[in-house]
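Q: I have a protein model in front of me and would like to learn how to read it. Could you take me through it one feature at a time?

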Amino acid sequence: MPSKDMIGRVLTNGSATVTAEHIADFARALGDPDPLYLDAEVARRGPFGAIVAPPTYPIAFMTQAMAGGMDTFLELGLNFMTLVHGEQEFEYVRPLRIGETLTLTGRIADVYEKQSGSGGTLDFVVLETEGKDAAEKPVFYSRNILISKRT
């Protein structure tokens, strides 16, 4: 069972640079042809005055945000054979800007358990990533919930 003592523990710090090419690749991978993601001229006349990233774009940074925390991740004691991605949410303070490098901090935001309908125990771990700009101001938060069945 994951320990509540691990809440707040930082998994890792990393960084990621937002590029027009990466945003375009991400939008194409989603099958989203919105010109606000792909066309600089159209985006310049749009509500943000520049190309913006699709709302789920920070998921592309998860590897950088969590990569250094494998030891902590293993310490959680989750059952990897039953691990599923339960939920994902993004909260923006402002749109991401092309050319900016974000500092990413991944941490364990919460740990809890619930009884399943079949009588077993499910362990929940909430991982949070915070992206800050060069001025150390928050740009976005990403939260995902991992669920594993205790054996």
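A: What follows is a short dialogue on a predicted model, going from one residue to cores and then to salt bridges.

Q: Let me start with a single residue: where is Leu30 placed, and is Leu30 buried, partly exposed or exposed?

A: The place of a residue is given by its element, and here Leu30 belongs to helix 1, which covers residues 20–30. Burial is judged from the relative accessible area, where partly exposed lies between the 20% and 50% limits; Leu30 has 47% and is therefore partly exposed. Leaving aside residues up to four places away in sequence, Leu30 touches Pro54 and Thr56.

Q: Which residues of the largest nonpolar core touch the most other members?

A: The general idea is that nonpolar side chains in soluble globular proteins tend to be buried together. In this model the largest nonpolar core has 17 residues, and those touching the most other members are Val18, Ile23, Tyr57, Phe61, Leu96, Leu102 and Phe140. Two or more residues come from each of helix 1, strand 3 (101–115) and strand 5 (138–149), and helix 1 gives the most, with three residues.

Q: If I pick out Leu96, what does Leu96 touch?

A: Not counting residues up to four places away in sequence, Leu96 touches Val18, Ile51, Ala53, Tyr57, Phe61, Leu102, Val139 and Phe140. Apart from the largest core lies another one, of ten residues, which include Met6, Leu76, Val125 and Leu127.

Q: How many salt bridges are there, and are Glu100 and Arg94 buried or exposed?

A: A salt bridge is read from the distance between a side-chain nitrogen and a carboxyl oxygen, which has to be within 4 Å, and by this rule the model has 13 salt bridges. One of them joins the side chains of Glu100 and Arg94, at 2.7 Å from N to O. Glu100 counts as buried because its relative accessibility is 13%, and Arg94 also counts as buried, at 15%.

Q: Which parts of the chain does the pair of Glu130 and Arg107 tie together?

A: The closest N and O atoms of Glu130 and Arg107 are 3.7 Å apart. Glu130 lies in strand 4 (residues 121–132) and Arg107 in strand 3, so this salt bridge ties together parts that are 23 residues apart in sequence. Both residues also belong to a network of salt bridges, whose members are Glu89, Glu91, Arg107, Glu128, Glu130 and Arg143.

Notes
Residues are numbered from 1 along each chain as its sequence is written. This is a predicted model: local features need pLDDT of at least 70, side-chain atom pairs count only at pLDDT 80 or more; totals for chains, interfaces and linings use all residues. Side-chain values use heavy atoms; hydrogens and water are left out. Helices (H or I, at least four residues) and strands (E, at least two) are DSSP runs, numbered from the N terminus. Buried means under 20% relative accessible area, exposed over 50%, partly exposed in between (1.4 Å probe, protein chains only). Contact means heavy atoms within 4.5 Å. A nonpolar core is a set of buried Ala, Val, Leu, Ile, Met, Phe, Trp, Tyr and Cys residues joined through side-chain atoms within 4.5 Å.
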